[in-house]
Amino acid sequence: MSSPKTPTINGSRPTTAALVPTNTVATLDGQVVRARIDATLTVDDVVRQLCINLNMSEPAANFALRNETGELVTNDNLRRMIRGRVNLRLVRAPAIEARETADKLAQRDPQSLRSTVHALTRLIREEEFAQVFLTHNGLAELVDVIHSTNGNTLAYALTALQNLMELDYGWSRLEDTFILRLVRILVSRQALINVCRPATAILKKLVEADPSRVPGPMAGSSRSANPQVTTVYQYGFPVVFAQIRKEPAMLETVVGRLGGGETAMVQHSMMLINSLLAHASDEYWGEFIAMMESLNVTRAVVRLMSTHTNEDLTSCILDFQANWIRVVDSKKRTMPDPDTDTFHAAMLKFIWQGAKLEEDLNTNNEVVKWRKLGFGTEDVIEEFKDVGVLGLECLEKFVRGAYDFAQIVLEQLSRPDNKRCPIGKASNEVVELLSEHWAIFAPGYSTSTTFQPFFLDFYRVHSLATRFFIRMWGESNSELVDFPGVVALVRSQIKVALKSENTRPWHEVEASFLECEYRAIRERQMRELELEDDLLSRVPIRNLRATLYKESFEFVRQQRIQCLLQGAWFYNAIPETSLGLAAPKKPTRPWRFMRVDHGLKYLHFVDAMHNHHIRQGLEDLPGRIEISAISEISTGTCAAAVNFSTPPDPAGLPPQHPLAPSPLSFSLLSAHSSSLVDVVAPDQTTWADWTDGLNMLRRDGGHVTSQETAGFVQALTEIGLKIKLLDLSGEMVEIPSGLVAGPPPPNTDFFFSDL
């Protein structure tokens, strides 16, 4: 067919009239023809008629259309290609390409292997290609390439597998030897950055493929009945950690990369650490956390807080904070057991040796040991029942860091019994105060929207606050009956010393604890007491607040998820990476409606020229994104296009430049840091509902983004607390400062009455 002729692809008899072509089509043999394509046809019909017009000898089923960038033309994007007059290429069908690619991998031709796996990184994303590739033993061949190559070829092969794992089937037979290969790649000092990035992402995906976290089938999904869908969820933390234990230096390398200059590698490393923390199983929990603490991972993250320049890392750091709250809370709920845990026994031994004391017998011939350190009894396990292993570790760190600990103890023992500061009890009380300050109530209930570097240095803050407690005890000339008063004083100082945590330098925190005078602190506390009720600081009320806090968080979480299920309209936006271009590509359809399905597995959407009524259900929403593919929710990253109005600034400021990033924008990023969605919310409420709602659905434990959500949780907690207190005060119930168990009954000659 000669190029001046314009075939018409419209389902009728081909003509060569002088019609305006819609697209140019390049063929495999180099021909370039202009074609007028009817947008109402399917892609199969378009390809078939092209083959007829071009007198192709092979069946039309062997061909497909792609644009110049390699994107496959489908029924979903055909109209966009026609409207944009995109140059097309008539190429081999994905099924044919998949068989040829699998065969080329099996041949291992050194001349073509690199180009083959490079092309595979793009093609494997297409489900039609992936299905045929898997049925032709493509996965096994790809894994063999990963085992046997290095350099850029290995990088391409790993990236191809990473892209394949975005599907929820097909990669269920990865063996332990392959996982160990990934671990050793990360350990290797010679491994290229472009090799380590996909290897890290694959390990993260394997950790999250936990059998206990298989997502439920989505109603109405054509794939929900596919038995292959759930088979990939058979790895999880135990399988991956078993290989990490063979190469302990792997975790050290990953933590070390947090201080690297390659932002994408830092982000991948943070995401892997977060995934390991979020999915660590009970069997290996203690061992894994001990390894992470020995590597000073919290210190590495604190350094990252002050040095990172990429906003995408902010979400990863906040996720780490939420995960570390799980770690601290788990320690607080775990009772020390020196009889079976040698580490616990070693800490107790170190504490006692640090005091440089000897056991004594009292007048009743009872051993006096731990009571010398300020505990109420000799049952040291019972003394730590409220603060658990966390309290034991904090006291051990305090002793280790206090070079004058023995002198502090001797000074207290030289005083009358009622004048001695109970050091052990004070240490445990400081743990409770810090837990209250940082809202460490239960795993998964973090509402912090800012960095908390002091929280990540929990032991150091505890040591400062404990030393402050002992100093205030002495300067106030307190007695044992004054213990609650000193606790209130320390609580007040903790609030002042740790305020503005995300911006305050560490030396100011130290000065607040070490240099403040008792008189000034007492005067400030008296002013505070005029504004608040001492009742709120009592232990039963603190426990009630913790319970209400969890209930409030869960209530707000369900409200946010209901907003996702209801759906909302957004403005399609221009991503930040395109804002610097002279002519950034604008969305062809300015509006997007998004809704999450009731299985909480997919985010469905539709783009439109105007917002209009969307029926309940998913029939009107042809597009969808798997929520498990969302690895990051980045805010303030895109701008509203200029062909429709920009949402008003929430602070009432003048309108921004049309292409400036909007504070109401957010992007959903995949594991490759590529954007899945770029939208601008119509108002602050919708932005908060969706950014926090989607974060709460993430598998690796999301954090709260907006101050609005954090404020709701706090407000509901305070309202619930006041209502409970009104009920108690109305019945004239006296709330004690603490609860003390009574003596046991003298005999068992009793029964419980049924009232």
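A residue counts as buried when its relative accessible area is under 20%. With that in hand, strand S3 (residues 32-37) of this predicted model is a good place to start. Its side chains take turns: Val 33, Ala 35 and Ile 37 point to one face and are buried, while Val 32, Arg 34 and Arg 36 point to the other face and are not buried. This fits a general pattern, as side chains in a regular strand alternate between the two faces of the sheet.

Strand S3 has a partner. Strand S2 (residues 23-26) runs antiparallel to S3, and 4 bridges join the two. One of the residues on the buried face, Val 33, is the bridge partner of Val 25. The hairpin made by S2 and S3 has 5 residues between the strands, and Gly 30 in this hairpin takes a positive phi near 100°.

What about positive phi outside glycine? Most residues other than glycine have a negative phi. Arg 85 goes the other way, with a positive phi near 50°. Arg 85 sits in the loop between helix H2 (78-83) and strand S5 (88-92). Asn 477 isn't a glycine either, yet its phi is positive, at about 55°. This residue is found in the loop between H21 and helix H22 (483-497). Asn 477 has 52% relative accessibility, so it counts as exposed, the cut-off for that being over 50%.

Helix H21 itself spans residues 458-475 and includes Ser 463. Is Ser 463 buried or exposed? Its relative accessibility is 18%, so Ser 463 counts as buried. Leaving aside residues up to four places away in sequence, Ser 463 touches Lys 397 and Phe 398.

Now for a pair of helices. Two packed helices are described by the angle between their axes and the distance between the axes. For helix H9 (residues 193-208) and helix H12 (residues 263-279), the axes come within 9 Å and cross at roughly 20°. H9 is therefore roughly parallel to H12, since angles under 35 degrees count that way. The crossing of these two helices, H9 and H12, is left-handed.

Which residues of H9 and H12 meet? On the H9 side they include Ile 193, Cys 196, Leu 203 and Val 207, along with Arg 197, Lys 204 and Glu 208. Over on H12, Met 265, His 268, Met 271, Leu 272 and Leu 276 are among the residues they meet. Sorted by class, the contact of H9 with H12 has 10 nonpolar, 5 polar and 3 charged residues.

Note on methods. Residues are numbered from 1 along each chain as its sequence is written. This is a predicted model: local features need pLDDT of at least 70, side-chain atom pairs count only at pLDDT 80 or more; totals for chains, interfaces and linings use all residues. Side-chain values use heavy atoms; hydrogens and water are left out. Axes are lines fitted to C-alpha atoms, for helices over the stretch in contact, and angles run from 0 to 180 degrees between N-to-C directions. Angles under 35 degrees count as roughly parallel, over 145 as roughly antiparallel, 65 to 115 as roughly perpendicular and the rest as oblique. A crossing is left-handed if the near helix is turned anticlockwise from the far one by less than a right angle, and right-handed if clockwise. Contact means heavy atoms within 4.5 Å. Ala, Val, Leu, Ile, Met, Phe, Trp, Tyr, Cys and Pro count as nonpolar, Asp, Glu, Lys and Arg as charged, and the others, Gly among them, as polar. Buried means under 20% relative accessible area, exposed over 50%, partly exposed in between (1.4 Å probe, protein chains only). Two strands pair if DSSP finds at least two bridges between them.
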